[in-house]
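Let's take a walk through this protein together, from a single residue out to the whole chain and back again. Please have the structure open as you read.

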Amino acid sequence: MAWGPKKDAVSAEVKSIELSLKQVEDAKTDMIYQLGELYYESNKDNESIDDIYKEKVDTIKKLEYNCKVWNNRKLKTQGLRMCENCGNTLPYDSSFCNKCGYKLQAVSEELVII
Ligand SMILES: [Zn+2]
């Protein structure tokens, strides 16, 4: 490989190609993410999905549950809770939602093991 201006031109071309490659890879990753999200949303309640998908779908459900638990813990430290029916934020010791009238259930505070 020659040194000097030619090498600079090659290295600029390589950088430009790497940038294009990264954009294509990022677009592919985003599409795969969107495909996974679509699959999850349309199959999360499907009891007869293939075993190769079931494990991942179940793990995502557990992760969603744990997100809810962490959100509940965060709200509780602020003296608050969420209505599981409409998403309204209420004082922690409320019995009914003051927005939708829903009878509030016990708040989930136990994480599931993944
Ligand atoms: Zn409500």
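With 12 C-beta neighbours inside 10 Å, does Leu63 count as buried or exposed? Leu63 counts as exposed, because a residue with 12 or fewer such neighbours falls in that class. You will find Leu63 in helix α2. Please keep in mind throughout that this is a predicted model.

Now step back to the whole chain. The protein chain contains two helices and two strands, and their order along the sequence is α-α-β-β. Its C-alpha trace spans about 75 × 40 × 25 Å along the principal axes. The radius of gyration is 24 Å, whereas a compact globule of 114 residues would have one near 13 Å. Burial is worth a look here too: of the 114 residues, 2% count as buried.

The chain is divided into domain 1, residues 1-43, and domain 2, residues 58-114. Between the C-alpha centres of domain 1 and domain 2 there are 40 Å.

Let's start with the first helix. Helix α1 covers residues 5-43, which makes 39 residues. At 1.5 Å a residue, α1 should span 57 Å, and its end C-alpha atoms are 56 Å apart, so expectation and model agree. How many of the 39 residues of α1 are buried? The number is zero, so α1 lies largely in the open.

Next comes the loop between α1 and α2, where Glu47 is found. Glu47 has 6 C-beta neighbours inside 10 Å and therefore counts as exposed. If you pick Glu47 and Met82, you will see that they are 35 residues apart along the chain, with 29 Å between their C-alpha atoms.

Helix α2 follows, running over residues 51-77. The same ruler can be laid along α2: its 27 residues should span 39 Å at 1.5 Å a residue, and the end C-alpha atoms are 39 Å apart, which agrees. Leu75 has its place in this helix. With 16 other C-beta atoms within 10 Å, Leu75 is partly exposed, because that class lies between the cut-offs of 12 or fewer for exposed and 20 or more for buried.

Which residues does Leu75 touch, not counting those up to four places away in sequence? They are Leu80, Arg81, Met82 and Thr89. You can also compare Leu75 with Leu90: 15 residues separate them along the chain, and their C-alpha atoms are 9.3 Å apart. After α2 comes Gly79, whose phi is positive, near 75°.

Finally, look at the segment after β2 (89-91), where Ile113 lies. Ile113 is exposed, with 6 other C-beta atoms within 10 Å. Ile113 and Lys62 are 51 residues apart along the chain, yet their C-alpha atoms are separated by 7.9 Å. This brings us back to where we began: Leu63 and Val112 are 49 residues apart in sequence and 8.3 Å apart in space, C-alpha to C-alpha. For the chain as a whole, 27% of the contacts between residues at least 6 apart in sequence join residues at least 24 apart.

Conventions: Residues numbered from 1 in each chain as written. Predicted model: local features only at pLDDT ≥ 70, side-chain atom pairs only at ≥ 80, totals over all residues. Helix = DSSP H or I, 4+ residues; strand = E, 2+ residues; numbered from the N terminus. Expected span 1.5 Å × (residues − 1). Domains from an automatic or database assignment. Contact = placed C-beta atoms within 7 Å. Rg over C-alpha atoms; globule rule 2.2 N^0.38 Å.
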